Amino acid sequence: MGKSNSKAVMEKTASEPDFEKSLKRLEDIVETLEGGNSSLDDSIRLYEEGMALAKSCSIRLSDAKLKLKKIQKSSGGDLEETDIEE
Amino acid sequence: MSRPQREIAEAQRDRDLGLFDRRNAYDEQVLKVGDLTRLIKEVLEGSFASVIVEGEISNFKRHMPSGHLYFTLKDEQAQVRAVMWRSDAARVRFDISDGMKVLVKGRISVYEPRGDLQLYAASIQPAGQGALQLAFEQLKKKLESEGLFAEEHKKPLPYLPKRIGVVTSLEGAAVRDIISIIARRFPVVELTIYPVKVQGDGAAEEIAGAIRDFDTLGNVDVLIVGRGGGSLEDLWAFNEEVVARAIYDCTIPVISAVGHQVDFTISDFVADVRAATPSAAAELVVPDRFEIQDTLRTLSRDITKAIEQLLGQLQLRIDRLTSHYALQQPASMIDQKLQLVDELTRRLDTHLVHYLESSSQQLSAVKAHLNALGPQQVLKRGYAFVQGPHGIVSSIDNINLEEMAMIHLTDGILNTIVKGKHGKE
């Protein structure tokens with residue numbers, strides 16, 4: 001298996017926004033707001049960010065379609081990744 | 001059976017087998033050694049072309065590099081030399097060792113250069129238990145003593161994996177079950193299937209290779225390795241050392257999902273997590289998206305509650321300010337504060353309008369509540385608040401007769417004197 005090939009595989013999957021990070025950020029926002037130590041402006045900003053995150057996460061969950069791939073070894077021994085239909 | 005009886009019985013058997021007559025056929029003849037051994041060999045091969053012999057292994061040797069096995073099979077009365085060629089030895093799943101009670105299937109022949117009678121073994125089975133069962137126990141014991149099953153090596157599974165790898169066959173229900181369950185529960189992932197042979201020759205090597213490839217690529221956060229149900233023989237690849245080692249060496253957390261609920265394999269022991277079935281693996285590798293939707297709703301509610309509370313506190317502070325400084329401060333100052341509250345309420349409203357569709361009922365309740373909080377709104381509706389020399393008048397006991405009372409209306413203040421009090425009935 002070629003090194004360049006494995007690198008290409010990794011780059012392809014790196015761009016996706018991180019669902020777990022979004023969820024964690026949302027939890028942090030709730031904690032900060034409930035702490036009540038932020039200024040009014042900050043609180044409003046956090047509120048706006050939090051609501052936007054909740055909405056985008058929720059939309060992603062309801063709209064998401066499973067991405068399906070298959071790995072195969074080529075005759076040369078390289079690993080090839082291809083998209084497949086469900 | 002006494003010795004003479006046995007001799008008679010053996011002679012009888014030899015006659016039945018035709019050996020007696022043949023032996024007599026060469027009576028008084030002068031034979032060369034080579035001829036004799038060849039004749040003996042022919043007789044033996046003809047009569048013992050396929051036998052099953054029970055005995056105990058001793059002097060066991062694996063000859064290298066040929067890979068042939070040499071041993072002696074013995075019981076209390078006798079012993080016989082045995083050999084097993086490499087091609088047959090490769091099919092023996094368990095480790096052979098001295099002292100082991102076995103059943104050997106093979107043929108009897110003579111090794112002419114030494115004139116030795118030998119048992120040419122084609123297959124060996126442990127006496128009393130299945131070969132696979134013994135192989136399983138042996139490997140389990142070996143790997144356990146090496147620490148491959150130790151808890152401290154178990155890696156936790158990611159809470160929300162982004163990329164899931166599956167090592168299994170494309171045939172069979174297992175792969176379809178995994179795909180459909182993950183698609184239903186949490187489709188916010190990328191699922192990569194690495195198709196392999198899961199039974200038969202070379203299956204274990206393919207499975208181990210796929211695990212190592214995933215580890216090298218590093219393109220998944222968690223691996224499911226498994227197959228659907230089958231016989232012990234069908235599931236055997238997952239009891240092979242090469243698979244166990246690949247799972248152990250893998251830096252990605254591995255879920256072993258082999259067969260049915262009742263099937264335990266070596267893979268299950270080595271893996272970071274054992275799932276009872278491939279479907280169970282899919283259930284535990286991702287959370288249910290409807291549960292996450294619930295969490296999102298709860299978090300949104302918490303945020304809204306927190307901001308509401310903050311605005312409520314702000315309202316209290318403004319109330320206090322207006323009551324204390326209303327006379328000294330220019331009216332525009334109060335207006336500014338009230339405007340700020342209005343502004344915040346409006347901004348909040350704007351966002352709440354876009355609040356998750358599912359919470360629209362909650363939304364209108366929050367809006368109504370926030371509107372009610374704005375004093376300007378209340379004053380506009382004809383309500384007033386009264387301020388006396390001792391502060392805000394919220395009870396007839398807060399002010400005395402003939403004292404000054406300032407009535408705040410939406411557009412100004414009325415200065416009045418208290419002329420009488422009437423408590424509620």
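1. Starting with helix 5 of chain B: the residues buried along this helix are Ala131(B), Leu132(B), Leu134(B), Ala135(B), Phe136(B), Leu139(B) and Leu143(B). Keep in mind as you read on that this is a predicted model. The buried residues of helix 5 pack against three elements of chain B, namely strand 5 (116-126), helix 8 (241-249) and helix 9 (266-270). For the general background, an α-helix has 3.6 residues a turn, so residues three or four places apart point the same way.

2. I also looked at the length of helix 5. The helix covers residues 131-146 of chain B, and its 16 residues should span 22 Å at 1.5 Å a residue; the end C-alpha atoms are 23 Å apart, which agrees. Right after helix 5 comes Gly147(B), with a positive phi near 90°.

3. Helix 6 of chain B gets the same kind of check. With 13 residues (173-185) at 1.5 Å each, the expected span is 18 Å, and the end C-alpha atoms are 18 Å apart, so the two agree. Its buried residues are Ala174(B), Val175(B), Ile178(B), Ile179(B), Ile181(B), Ile182(B), Ala183(B) and Arg185(B). Note that an arginine, Arg185(B), is on that buried list.

4. Stepping back to chain B as a whole, you'll find 14 helices and 14 strands. Of its 425 residues, 42% are buried. Looking at contacts with a separation of 6 or more, 60% are between residues 24 or more positions apart. The accessible surface of chain B is about 23500 Å², and carbon and sulfur atoms account for 52% of that.

5. One bit of that surface may catch your eye. Tyr26(B), Leu31(B), Leu36(B) and Ile40(B) make a nonpolar surface patch of about 300 Å². Leu31(B) sits in the loop between helix 2 (19-25) and helix 3 (33-47) of chain B. With a relative accessible area of 31%, Leu31(B) is partly exposed; patch residues need over 30%, so Leu31(B) qualifies on that count.

6. On cysteines: how many disulfides does the structure hold over all chains? Zero. Two cysteines to look at are Cys57(A), which is buried at a relative accessible area of 2%, and Cys250(B), also buried with 2% relative accessibility.

7. Now for the backbone oddities. As a rule, most residues other than glycine have a negative phi, and most peptide bonds are trans. Against that, the peptide bond joining Met64(B) and Pro65(B) is cis, with omega about 5°. You'll find Pro65(B) in the loop between strand 1 (51-62) and strand 2 (69-74) of chain B.

8. Asn59(B) is worth a look too: its phi is positive, about 50°, although Asn59(B) is not a glycine. Asn59(B) is placed in strand 1 of chain B. Is Asn59(B) buried or partly exposed? At a relative accessible area of 48%, Asn59(B) is partly exposed.

9. Glu402(B) is another residue other than glycine with a positive phi, in this case near 70°. Where is Glu402(B) found? In the loop between strand 12 (391-393) and strand 13 (404-409) of chain B. Exposed means over 50%, so Glu402(B), with 52% relative accessibility, counts as exposed.

Technical notes
Residues numbered from 1 in each chain as written. Chains lettered and ligands numbered in written order. Predicted model: local features only at pLDDT ≥ 70, side-chain atom pairs only at ≥ 80, totals over all residues. Heavy atoms only, no water. Helix = DSSP H or I, 4+ residues; strand = E, 2+ residues; numbered from the N terminus. Buried < 20%, exposed > 50% of the residue type's maximum accessible area, 1.4 Å probe, protein only. Contact = heavy atoms within 4.5 Å. Areas by Shrake-Rupley, 256 points an atom, 1.4 Å probe, with all protein chains shown as cover. Patch = residues over 30% accessible without salt bridge, like charges linked within 9 Å, V, L, I, M, F, W, Y side chains within 5 Å. Salt bridge = Lys/Arg side-chain N within 4 Å of Asp/Glu carboxyl O. Disulfide = S-S within 2.5 Å. Expected span 1.5 Å × (residues − 1).
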